[in-house]
Structures are given as structure tokens and as C-alpha cells.
Amino acid sequence: MAFKMGIVGLPNVGKSTLFNALTRTANAQAANFPFCTIEPNTGEVAVPDYRLDKLAVIAKSQQVIPARMSFVDIAGLVKGASKGEGLGNQFLANIRECDAIAYVLRCFEDGNIIHVANKVDPIADAEVVETELMLADLESLEKRRNAVEKKAKGGDKESKVVLDLIDRSLVLLRDGKSARLVERSADEEKPFRELQLLTSKPALYVCNVDEGSAATGNAMTKQVEAYAKQHNAAVIVISAEIESQLAQLPDTEQKEYLESLGLNEPGLNRLIREAYQLLGLQTYFTAGPKEARAWTIHKGDRAPQAAGVIHTDFERGFIRAQTIGYDDYVALGGEVPAKEAGKARDEGKEYVVKDGDVMLFKFNT
């Protein structure tokens, strides 16, 4: 199950530096000029989870396989992108393919790094990006509305639902608000997703700060936090420069470097976890002598759906799932002692998987 987060923002805000640190590669050329990233660079990153290593030790696993997530470094956006300015059309198409969006906002002053607007203002930057996405959504919905309205007047029930969602979205968009703010029922969630609105995607504002502000933030990050609340988005403070330096250090030196800056962990760990939260994801594990592995599922998924992440045959032929809670597995020392203590449960098709469950599936071939 692949999940993809797009890294977007104006040119020269630190997108490519952040992407390089995320993937520990130099695939995205970080340069001090607009549009240095033209084709979107995609990199897979491991989701940090201390629990997986503990399980591997207990199960004496030969291999440790973490959950993974994709990040896409998308070309810098400029005003007018919704009308094709700069790399606008390509930019919008790349965002449409992502599950969530991370807006990188420059929250530091540096006279050596140019800004396309010649002024550092993270709120203005966020508004430029958000406005272009809103304009693209407006155009998309206005083009579709007449055809959907005809079907709705003809008695098509699904079209009536879609038309109502379009109209509610248009009201917000015309008022300068993102489609994320559209109130909708659980039954409306699927048709709303199918509208493929850019501003309906879960959003994370990434405040890129200088080294001195990495631990506590600064006046600009406080402004972004207030702005994010208005747009139903999450916020994280991170220094792309620190993360870039960390990515080049051996693991043994990273902790010392972080401590010297007053940080407990890399900002990238928090970024990845926040992305997980945004997308409503969680992790379950399988553990044995061959491998310990983390699997990504949606919160609320039932046992057969979780099995299907491993292989579709597991979901089709699902019988039951032996399930041990992570805390029980670790405290008791593995599968066998957990069974002996009565902590290994056989769960059926209606079981809602919990984050951290250690599972073994039985299925018909």
C-alpha cells in the first residue's frame, strides 16, 4: 500500500534540501534559483518506529523491514500557476497524484538566498500556493457542474449527491477558503474524494527555520500556526539545513549533534509521523525468525483488510488472525510465552486492527 506526500512551495524555500535529507540522496538538485526541480523527484523513506527493532530482537528475525512512505519534490510554484504560468500545469498534475500535501514555508531571513517576492513572508507564500490551488479547483468544478446538474434533474441519485457537494465546495472556494473545510457525512466521503479537489487533500505546513529556531520556533512560525488553524491543516517546525547536515552524519554522531541543538530527535521523524497522522494511517506487525515487518493500514481497517495488504489472497481466503498486543508481546518475550499466558487471541472478520498489533493470519488458498 503506497502513500504519497507532495512537497510544495514557492521556489527557494528549502523544498529540495528537505527532500534530499528525507531520502538521503542528492537526486533533487538543490540550487539557489527558481525551477531547479523540473521533473518531480520521488523518494521512498522508512517510517521510524522503535517498536519494530524490539520485535526483531525478541523474534530473532534475520531481516527488519520498516513501513515505507513516498515523498515527491514538486517544482516550485509561482503566481499564475492555475493559468499555466511557470510550470503551472505540470505542478497541478503532480499534486493531483499525491495523497497529501506538505507546504514548505520559509520562516528565516538570509540575504544570501533570494526570494521570488524579495520579501520573507510565510503567510503570503502560503496564500500564493493555496490561491492557485483554489483557482484550479474552481475552474474544475465550474466546468463539471452543468453536466452533473443535468443528470441530477433527470433523477440520478448519485448525481444529486455530487451536485450538492460541488455547490458546497464552490461556496467555500469563492469565499477564498479551501475545500478541506467542506462539512460532509461518512456516506459523502467517497463521492467527495472522487471530485479530486486539490484543496481537499490533507495539508501540513512545514515551517523551515534557521538552526537557532529549530527547537522553539520563532515569530513567523507562530503566524503560520494561527493561519493553519483557519485552514484545517497541521503544522511542524523543522530546519531543512539541520536535517541536511544530519543526513550526512553516521548514526553514532547524530544524537550528539541533536543534543547540542536542544533537539530530541530528527525533525524528519516528526514530519513522517505527522504525515501518517494526516492520512489516518497506523501500523501493525508480523514477526518471526525470517523477518520482522511493519505494515501500513488505515485506522479502522478490519482484520481481512489488514491481511490484504500482505497479499490479496490473504484477504479473499481470510479465516482468522492470531493477534497479540505489542505491549504483551514485548513484556512476555514473544509469541510462545504470549500464547501460554493467554494473550494470543484469535480474531475474526469483524475485528478492527489496533495500532501495534502483532498478527499471524490463517487463510484458505
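**Group meeting: cores, sheet and helices in a predicted model**

Okay, let's start in the middle. The largest nonpolar core has 75 residues, and the members that touch the most others are Met69, Phe71, Tyr205, Val206 and Leu271. Strand β5, residues 100-106, gives this core its largest share, six residues. There is also a second, separate core of 16 residues, with Leu141, Leu163, Leu165 and Leu195 among them.

Before I go on, please keep in mind that this is a predicted model.

Back to Val206 for a moment. What is Val206 in contact with, leaving aside its neighbours within four places in sequence? The list is Leu18, Ala102, Tyr103, Val104, Leu105, Ile236, Ile238 and Leu271.

Now the whole protein. We have 365 residues, and 49% of them are buried. The secondary structure comes to 14 helices and 12 strands. If you take contacts between residues at least 6 apart in sequence, 70% of them join residues at least 24 apart. For the surface people: the accessible surface is about 17,900 Å², and carbon and sulfur atoms account for 48% of that.

On to the sheet. Six strands make an open sheet with mixed pairing, and if you walk across, the order reads β2-β4-β1-β5-β6-β7. At the edges sit β2 (41-46) and β7 (234-238), each pairing on one side only. From one strand to the next, the twist averages 25 degrees. As a general reminder, side chains in a regular strand alternate between the two faces of the sheet.

Let me zoom in on one pair there. Strand β1, residues 4-8, pairs with strand β4, residues 68-73, in the parallel sense over four bridges. If you want one to click on, Ile7 has Asp73 as its bridge partner in β4.

What lies across this sheet? Helix α10, residues 267-278, lies across β1, β2, β4, β6 (203-208) and β7. Relative to β7, helix α10 runs at about 170 degrees.

Another helix to look at is α1, residues 15-23. Eight of its nine residues are buried, so α1 is largely enclosed by the rest of the structure. The buried ones are Lys15, Ser16, Leu18, Phe19, Asn20, Ala21, Leu22 and Thr23. You've already met Leu18, by the way, as one of the contacts of Val206.

Strand β8 has a similar story to tell. Six of the seven residues in β8 (residues 281-287) are buried, so this strand too is largely enclosed by the rest of the structure. A hairpin with three residues in between joins β8 to β9. The two strands, with β9 covering residues 291-298, pair in the antiparallel sense over seven bridges. In that pairing, Ala287 stands opposite Ala292 in β9.

Next, a helix pair. Two packed helices are described by the angle between their axes and the distance between the axes. For α4 (residues 122-153) and α7 (residues 219-230), the axes come within 9 Å and cross at roughly 40 degrees. Which residues meet there? From α4 we have Pro122, Ile123, Ala126, Glu127 and Glu130, and from α7 we have Met220, Gln223, Val224 and Tyr227. By type, that contact is six nonpolar, one polar and two charged.

A word on Tyr326, which lies in helix α13, residues 326-332. Is Tyr326 buried or exposed? With a relative accessible area of 10%, Tyr326 is buried, because the cut-off is under 20%. Leaving aside neighbours within four places in sequence, Tyr326 is in contact with Tyr50, Arg51, Lys54, Leu55, Gly356 and Val358. Also, Tyr326 and Asp355 are 29 residues apart along the chain, with 8.6 Å between their C-alpha atoms.

Last bit, for anyone who likes backbone torsions. Lys60 has phi near 55 degrees, which is positive in a residue other than glycine. Lys60 is in the loop between α2 (50-59) and β3 (63-65), and is exposed, at 67% relative accessible area. Gln196 also has a positive phi, about 55 degrees, and is not a glycine either. Where is Gln196? In the loop between α6 (189-193) and β6. Gln196 counts as partly exposed, at 47% relative accessibility.

That's my tour, thanks.

Note on methods:
Residues are numbered from 1 along each chain as its sequence is written. This is a predicted model: local features need pLDDT of at least 70, side-chain atom pairs count only at pLDDT 80 or more; totals for chains, interfaces and linings use all residues. Side-chain values use heavy atoms; hydrogens and water are left out. Buried means under 20% relative accessible area, exposed over 50%, partly exposed in between (1.4 Å probe, protein chains only). Two strands pair if DSSP finds at least two bridges between them. Axes are lines fitted to C-alpha atoms, for helices over the stretch in contact, and angles run from 0 to 180 degrees between N-to-C directions. Contact means heavy atoms within 4.5 Å. Ala, Val, Leu, Ile, Met, Phe, Trp, Tyr, Cys and Pro count as nonpolar, Asp, Glu, Lys and Arg as charged, and the others, Gly among them, as polar. A nonpolar core is a set of buried Ala, Val, Leu, Ile, Met, Phe, Trp, Tyr and Cys residues joined through side-chain atoms within 4.5 Å. Accessible areas come from the Shrake-Rupley method with a 1.4 Å probe; for residues, only the protein chains shown count as cover.
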